[in-house]
Amino acid sequence: MNLFQELRQRRVPQITSGYVVGGWGLLQFLAFLESRMAISPHLVNLIGLTLVMLLPSVVTLAWVHGRPGRDTWGRTPKVVIPANIVAVVALVMFVFSGQRLGAVTQTIEVQDENGAISERVVPHGDLRKRVLIYYPEFKGAAEDSWARELTTYLLSVDLSQDIFVDAMVPMSMVDALTEAGARDGHDLSRPLQR
């Protein structure tokens with residue numbers, strides 16, 4: 001009997017493909033929760049890496065117990081499965097040791113100018129994305145050049161509504177642009193924009 005027939009008889013492809021499809025579904029659900037419920041993206045990565053790294057244990061278990069009828073544990077699964085679990089735990093602890101796996105926001109107290117204290121929910125700084133929006137290229141009449149600044153400003157206002165995005169425009173970086181040799185942030189070259 002060749003290897004492919006043995007794999008089919010032990011139902012290794014069926015069990016492994018079921019594990020992969022179930023894991024993919026779990027990751028898609030977690031990605032949905034990440035975008036809707038603001039869970040940590042590092043948690044989704046942790047679960048995805050764990051699922052991928054546990055694949056050798058799933059294949060070993062399918063090989064040993066996939067055939068209909070009673071099977072006994074041999075020496076190979078008794079070594080492979082614990083070694084795989086130890087390797088997964090060690091790698092996950094190494095890769096995700098400094099990552100924030102809990103809440104992505106924190107509640108802070110803010111005092112306004114009248115002395116009233118209120119609570120605000122703000123994201124942790126390492127999960128905020130900083131975006132610099134440059135003025136678009138403009139080929140129209142000179143008297144309509146105000147539209148490029150207005151477009152940039154309105155886009156930054158729209159993006160700033162997301163608490164996880166810190167949108168900036170060139171007029172907020174006048175010193176850096178002057179130091180780089182740009183007068184007002186208009187018509188910057190691509191290398192200077194980067």
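Helices here are DSSP runs of H or I at least four residues in length, numbered from the N terminus. Trp24 sits in one of them, helix α2. The model is a predicted one, and the helices and how they pack are a handy way into it.

Trp24 makes a good starting point. With a relative accessible area of 55%, Trp24 is exposed, because the cut-off for that label is over 50%. Its C-alpha atom is 8.4 Å from that of Gly48, although the two residues are 24 residues apart along the chain.

Gly48 belongs to α3, and the pairing of α2 with α3 comes next. The two axes come within 10 Å of each other and cross at roughly 175°. Angles over 145 degrees count as roughly antiparallel, so that is how α2 and α3 run relative to each other. On the α2 side, the contact is made by Tyr19, Gly23, Leu26, Leu27, Leu30 and Glu34. From α3 come Pro41, Val44, Ile47, Gly48 and Leu51. Sorted by class, this contact has eight nonpolar residues, two polar ones and one charged one.

Leu51 deserves a second look. Setting aside neighbours within four places in sequence, Leu51 is in contact with Tyr19, Gly23, Leu26 and Leu27. Leu51 also turns up in the largest nonpolar core, a group of five residues whose other members are Leu27, Leu30, Leu33 and Val44. Both α2 (12-37) and α3 (41-53) supply at least two residues of this core. The largest share, three residues, comes from α2. As general background, nonpolar side chains tend to be buried together in soluble globular proteins.

Helix α2 has another partner in α4, which covers residues 55-65. Here the axes come within 9 Å and cross at roughly 145°, and α2 passes α4 in a right-handed crossing. Val12, Ile15, Thr16, Tyr19 and Val20 are the α2 residues involved, and they meet Leu55, Val58, Val59, Ala62 and Trp63 of α4. By class, that makes nine nonpolar residues, one polar residue and no charged ones. Tyr19 is worth picking out: it takes part in this contact with α4, and Tyr19 is also listed in the contact of α2 with α3.

Helix α3, in turn, packs against helix α5, which spans residues 75-95. Their axes come within 10 Å and cross at roughly 155°. With over 145 degrees as the cut-off, α3 and α5 are therefore roughly antiparallel to each other. The crossing is right-handed. Leu46, Leu49, Thr50 and Met53 provide the α3 side of the contact, while Asn84, Ala87, Val88, Leu91 and Val92 provide the α5 side. The tally by class is seven nonpolar, two polar and no charged residues.

Two further residues of α5 round off the picture. Arg75 lies in this helix and counts as exposed at 70% relative accessibility. Between Arg75 and Arg8 there are 22 Å from C-alpha to C-alpha, with the pair 67 residues apart in sequence. Ala83 is in α5 as well, and its relative accessible area of 44% makes Ala83 partly exposed. Along the chain, Ala83 and Asp158 are 75 residues apart, and their C-alpha atoms are separated by 51 Å.

Note on methods
Residues numbered from 1 in each chain as written. Predicted model: local features only at pLDDT ≥ 70, side-chain atom pairs only at ≥ 80, totals over all residues. Heavy atoms only, no water. Core = buried A, V, L, I, M, F, W, Y, C linked by side-chain atoms within 4.5 Å. Buried < 20%, exposed > 50% of the residue type's maximum accessible area, 1.4 Å probe, protein only. Contact = heavy atoms within 4.5 Å. Axes fitted to C-alpha atoms, helices over the stretch in contact; angles between N-to-C directions. Parallel < 35°, antiparallel > 145°, perpendicular 65-115°, else oblique. Left-handed = near helix turned anticlockwise from the far one by under 90°. Nonpolar A, V, L, I, M, F, W, Y, C, P; charged D, E, K, R; others polar.
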